[in-house]
Structures are given as C-alpha cells and as structure tokens.
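User: Can you walk me through the strands and cysteines in this one? Short answers are fine.

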Amino acid sequence: ALEDGIYRLGRSESWNGWTVALTDCVGDDANCYVWVEVTAPEGTVLCPPEDGQFCSSYTMRTAEEYSGSSITSIPDDDPGDERVSFCLRLTALQGTLRGQTVDLTLDPIVDCWWSDSGTDRAVLHEGDLTGAIKDHTWVFEDVALNYPDQAVRLAPDVEIPYRGGTATLTGLEITPLTATVRIEGGSCYDHHGRSEAQPRAHAGEIVIDAGQAGSITVTDDPAEDISTWFECWDALEAVLVMKDGTSLPLTQLNGGSSCKDGVSNDAYEGVPYVEKRVRYAEAGDPRVIDPSQVDHILVCGVRVEMPD
C-alpha cells in the first residue's frame, strides 16, 4: 500500500567516524515516517546487552510549527554488524507535511541498559557502545518531504445526525495511514455546551497534540473532568467498510484533530466545525490500509460511497 509513496531522501552526516543517514520517507498530509540508518566505524558491534536499546529523540521545525518526540528503534536483523536503524514519526498539527521543507535535529544517540533491573541496586548504563558520539547532535537542514500524494478525497455535502441535530459532512480523506472526517454548521454550533456529562467541558481551542494520543493543547481554562474534552470527536462516529466485508472503526485520534463551536472562541469568525483525524491502529504500532480496498464509509450511520 505504501510502496509507490516512498521518497528517497539520500541525506547523511558524518562525525567522529560515525554516519547518520536519512534514507527514505513516506507519509500523507498528517504523518510522515522517516527511516534513519546509523553506521558505526567498521568492526563496531552495535548490539546492546539483553533488554537494552538505543535511545534518542528529535525536533522538527517548519515555517509554521515546532515539535519533537522520541525515536523508535527498529529490530536489528543482524545485531553483529555496525548498523542500526530508527524510524521518525513526524506529525502535522496544522496544514500538511507533504511537500514541506523541514529542519530535523537528532539528539545524541546513546545505547541504554539497566543492570540489576527491578532491584534497589538498579543502575542505568549509557554510552558503552556509542561513547564516541554520545554528546553529538545531528542536524539536517532543509529536508524536503516530497513524497507523493496517495489520498482519496471526497466532498459529500450531505447531512448527518450529530449531537441532537444535524450537520453537513463536508470532507472525507482516506490515505494508507490516516483518515480525516470534517463536519460543519448545524449542530456543530455550541456542541460543547450540549455535553450531557458536563456542559462546556472544554472551552477555547482544543487540538490533539503530535505523537501521543491523549495529549492536548487547551487555550482556555479546562474543566476538571478531562474525559469530556473528547466527546465532540467521539460523537463523530465513522467506520470504514472494506470490500472483503470487514469493518474498521475510526477511533484512534491522531495529531491534527480540532474543532470550533462558534461560542468558546470570540476571535474565531468562521463556520463552527468538528474535524476528526485518526490513525488506523488501536495502539502503538501504525497500521496501513489500501484505500482502493475501501468499499464505503459510514459517518454517524450515513453511507458514503467511495469513487470507482
């Protein structure tokens, strides 16, 4: 599903005999995965002790945003060689990552492991294998994320039931990695105030933050019951029905979900809306689908056909 969307980056930086390369990337408007390969001097065995791992983190800068997260280490098929790989997951909080030029900074790459783990004598060991680079930061400027667009976009313009009224389904986007559902007008107005659990459970602007489901940005004082902050997205129920008859509920929020209720934010003058962006995996590892295998989408029970 992703093979045709891979873009070759071919960027590398060397220091003290080590090389860190950004080799490939793939993604959509919401997410981008960047493959990183680390090569040590010849003869170095990059194999940490049992239960050890290689640790690092990154920051990303674009013209519009700044974000960062930890890096996922990829299982090593040949732990006896001098190479190890990582995967960076970049997430857009606004706009799109596709076609962006970004600056990526990788913090020092360090091997980490514990001795006497689980006891009061536990000691964290760092840099036994990566001592030559454990204080070095890797900087990649002007990295072009020019991977191709694989999204299927629809503008259904149909009414759907939502929060005791109706709203207009104005946008659907299905990619191999994420799906986005947008409704506007109607019962999107003051949808926070109609919360059964706690009226106006979240005021101001709410945006799901990058990388970690459940982390949020709130521009006004939140209510104490944070479980109600997500009600507007939970109520926007969506299910992908595949051609083989299986169903895929769209429940796992991704970075970029947002809403405006037309009441809480005095500075916002546009139409009230709820936009829900999800990834397909329920937890942890990403899941990839083939959009051509989606038969139709159900949004709050209303069926929307995929194009032929």
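Strands and cysteines

Analyst: Sure. This is a predicted model. To begin at one sheet edge, E7 and strand E8 (residues 83-91) are antiparallel partners, joined over 2 bridges.

User: Which residue of E8 is the bridge partner of Thr 72?

Analyst: Cys 87 is the one that bridges to Thr 72.

User: And what is the strand order in that sheet?

Analyst: The sheet is open, has 5 strands and reads E1-E2-E3-E8-E7, with antiparallel pairing. Strand E1 (7-15) and strand E7 (72-73) are its edges, each pairing on one side only.

User: Switching to E23. How many of its residues are buried?

Analyst: For strand E23 (residues 273-279), 7 of 7 residues are buried. On one side these are Tyr 273, Glu 275, Arg 277 and Arg 279, and on the other Val 274, Lys 276 and Val 278, so both faces are covered.

User: Which strands pair with E23?

Analyst: Strand E16 (residues 178-184) runs antiparallel to E23 and shares 7 bridges with it; there, Ile 183 is matched with Val 274. Strand E22 (residues 258-260) is also antiparallel to E23, through 3 bridges, and Ser 258 sits opposite Glu 275. Strand E21 (residues 252-253) adds 2 antiparallel bridges, with Gln 252 partnered to Arg 279.

User: Now cysteines. How many disulfides are there?

Analyst: The structure has 0 disulfides. Cys 300 is in none, and its nearest cysteine sulfur, on Cys 188, lies 9.8 Å away.

User: Is Cys 300 buried or exposed?

Analyst: Buried, because its relative accessible area is 16% and the cut-off is under 20%. Cys 47, at 40%, is partly exposed.

Conventions: Residues are numbered from 1 along each chain as its sequence is written. This is a predicted model: local features need pLDDT of at least 70, side-chain atom pairs count only at pLDDT 80 or more; totals for chains, interfaces and linings use all residues. Side-chain values use heavy atoms; hydrogens and water are left out. Two strands pair if DSSP finds at least two bridges between them. Helices (H or I, at least four residues) and strands (E, at least two) are DSSP runs, numbered from the N terminus. A disulfide is a pair of cysteine sulfur atoms within 2.5 Å. Buried means under 20% relative accessible area, exposed over 50%, partly exposed in between (1.4 Å probe, protein chains only).
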